[in-house]
Amino acid sequence: MNLPPLLTRQLTLRGLYTLDALGAVASTVLCYWAAEAAPTDGRPDEPIWLSLVIALAIGLPVAVRRHWPYPAAMTATIAASIGLATEIIPAFAAVAPLFAMALVFYVFNSIARDMRAFFFMFACTVLVSASLAGPIYIAESEAPTTDDTPPWMLAFLLAALVVSLASMLGFTAGERRAQTAERNEQMLQQATVEERLRVARELHDVIAHTMTLIVVKASIGNHVAEADPREARDALQVIEAAGRSAMLEVRRVLDMLREDTPYAPAPGIDDIPALVQLASVGGVEVQLTMDRPDEPAVAEAPESVGLAVYRIVQEAITNVVKHAAPAQCWVNVAVGADGVRIEVDDDGKRPARTHGTESGHGLIGMRERVALHGGTFSAGPRAEGGFSVRALLPAGGGA
């Protein structure tokens with residue numbers, strides 16, 4: 001059964017204070033009516049001002065029960081005990097002060113849930129119960145009854161049950177709120193850790209790829225600086241372009257952490273040709289093949305998938321430049337109804353140091369990206385020599 005939104009939504013702080021004020025007004029009015037009720041033993045009514053003072057002393061603490069739980073509970077208990085013990089509020093009208101005490105102790109035990117609060121609640125319960133049962137016990141002593149269960153005991157149990165039940169409900173509500181807050185805090189911490197890992201992975205991909213190209217071109221430029229100044233100048237131009245590209249990507253990643261920075265689109269499948277062109281200057285001849293259908297619904301992959309495809313191709317090419325250059329590399333990216341398929345192969349002219357394992361961060365990072373999107377990944381040496389990377393990312397982005 002679906003409850004109305006008014007009953008299921010969480011009240012704001014202003015709404016809670018408004019509810020407390022209404023509860024205080026209702027409790028004060030009920031206690032005043034109870035105090036104005038005519039005594040059954042024929043005694044004269046107390047002055048109106050005394051009834052009003054008792055009603056205010058019992059009802060007003062409801063309005064401040066969230067700000068000052070201990071003073072509010074103590075004031076309401078003492079005022080209710082005085083009113084019942086002196087019979088300013090007759091026993092037959094005890095529902096009114098018990099209603100006010102239930103409101104106070106519900107919030108009291110939802111806020112204070114330690115052993116000190118439990119003993120305080122227990123003492124207040126005994127006090128108000130005894131104040132209700134006391135006059136009944138005295139009247140019964142003067143005029144004994146033949147009932148098996150004395151009325152004063154029933155009155156004592158009634159008062160104790162009302163206050164205890166309200167306290168248990170408040171304690172349960174407080175525990176549920178505390179558990180919810182703790183669970184939300186754990187989820188926030190987990191999200192923070194995941195965001196840090198994501199940023200670290202992005203920075204690793206950007207910096208590792210760029211530094212690999214810079215180191216390769218710097219070594220070439222240094223080697224041919226005297227013999228071929230033109231090639232050395234070309235190497236410096238490549239280093240400059242790679243550095244500028246890395247600075248832009250690092251800035252984009254860091255800007256994502258700032259709330260006041262406009263959102264910058266992440267690199268995707270459309271940026272792979274520029275990536276391949278930049279990698280080709282690192283001593284690796286890269287041939288790119290992209291297969292994208294004409295249907296926009298199939299050709300346009302989600303942004304998260306596009307970024308993952310870009311990073312996987314980037315990391316795979318970086319490994320070729322770092323471990324196998326000079327070499328030939330073939331990159332194939334195919335977008336289909338089942339997702340995006342990535343194939344990166346190289347001929348491995350120079351033995352790779354880490355291609356056969358996943359001890360480095362590159363292959364591990366690629367596998368993590370694919371797993372995050374619910375895809376499949378494989379990497380290993382080719383039978384004809386070189387290394388091969390295969391990945392399939394579902395177009396829906398995975399789980």
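Contact here means heavy atoms within 4.5 Å. The exercises below concern a predicted model.

**Exercise 1.** Determine how the axes of helix α2 and helix α3 are placed, and which residues meet.

*Solution.*
Step 1. Helix α2 covers residues 13–36 and helix α3 covers residues 48–59; their axes come within 8 Å and cross at roughly 145°.
Step 2. The crossing of α2 and α3 is right-handed.
Step 3. On the α2 side, the residues in contact are A24, S27, T28, C31, Y32, A35 and E36. On the α3 side, they are I48, S51, L52, A55, L56, I58 and G59.
Step 4. Sorted by class, this contact of α2 with α3 holds nine nonpolar, four polar and one charged residues.

**Exercise 2.** Establish whether α2 and helix α5 are roughly parallel or roughly antiparallel, and describe their contact.

*Solution.*
Step 1. Helix α5 spans residues 95–111, and α2 packs with α5 at an angle of about 160°, the axes being 8 Å apart.
Step 2. Angles over 145 degrees count as roughly antiparallel, and therefore α2 is roughly antiparallel to α5.
Step 3. The two helices, α2 and α5, cross in a left-handed sense.
Step 4. From α2, the residues G23, S27, L30, C31 and A34 take part; from α5, A96, P97, F99, A100 and L103 meet them.
Step 5. The contact of α2 with α5 comprises eight nonpolar, two polar and no charged residues.

**Exercise 3.** Describe the packing of helix α4 and α5, and state the classes of the residues in contact.

*Solution.*
Step 1. Helix α4, residues 69–85, packs with α5 at an angle of about 160°, and the axes are 10 Å apart.
Step 2. The helices α4 and α5 are therefore roughly antiparallel to each other.
Step 3. The crossing of α4 and α5 is left-handed.
Step 4. In α4, the contact involves P69, Y70, A72, A73, A76, T77, A80 and L84; in α5, it involves P97, M101, V104, F105, F108 and I111.
Step 5. Divided by class, the contact of α4 with α5 has 13 nonpolar residues, one polar and no charged.

**Exercise 4.** State how many cavities of 30 Å³ or more the whole structure contains, and characterise the lining of the second largest.

*Solution.*
Step 1. A search of the whole structure yields two cavities of 30 Å³ or more.
Step 2. The second largest cavity holds about 30 Å³ of space.
Step 3. Its lining consists of L84, E87, I89, P90, A91, L132 and P135.
Step 4. These lining residues comprise six nonpolar, no polar and one charged.

Methods: Residues numbered from 1 in each chain as written. Predicted model: local features only at pLDDT ≥ 70, side-chain atom pairs only at ≥ 80, totals over all residues. Heavy atoms only, no water. 1 Å grid on protein atoms, 1.4 Å probe; cavity = no way out; pocket = protein on both sides within 12 Å on 5 of 7 lines; lining within 4 Å. Points joined across faces, edges and corners; volume = space filled by probe spheres on them. Nonpolar A, V, L, I, M, F, W, Y, C, P; charged D, E, K, R; others polar. Axes fitted to C-alpha atoms, helices over the stretch in contact; angles between N-to-C directions. Helix = DSSP H or I, 4+ residues; strand = E, 2+ residues; numbered from the N terminus. Left-handed = near helix turned anticlockwise from the far one by under 90°. Parallel < 35°, antiparallel > 145°, perpendicular 65-115°, else oblique.
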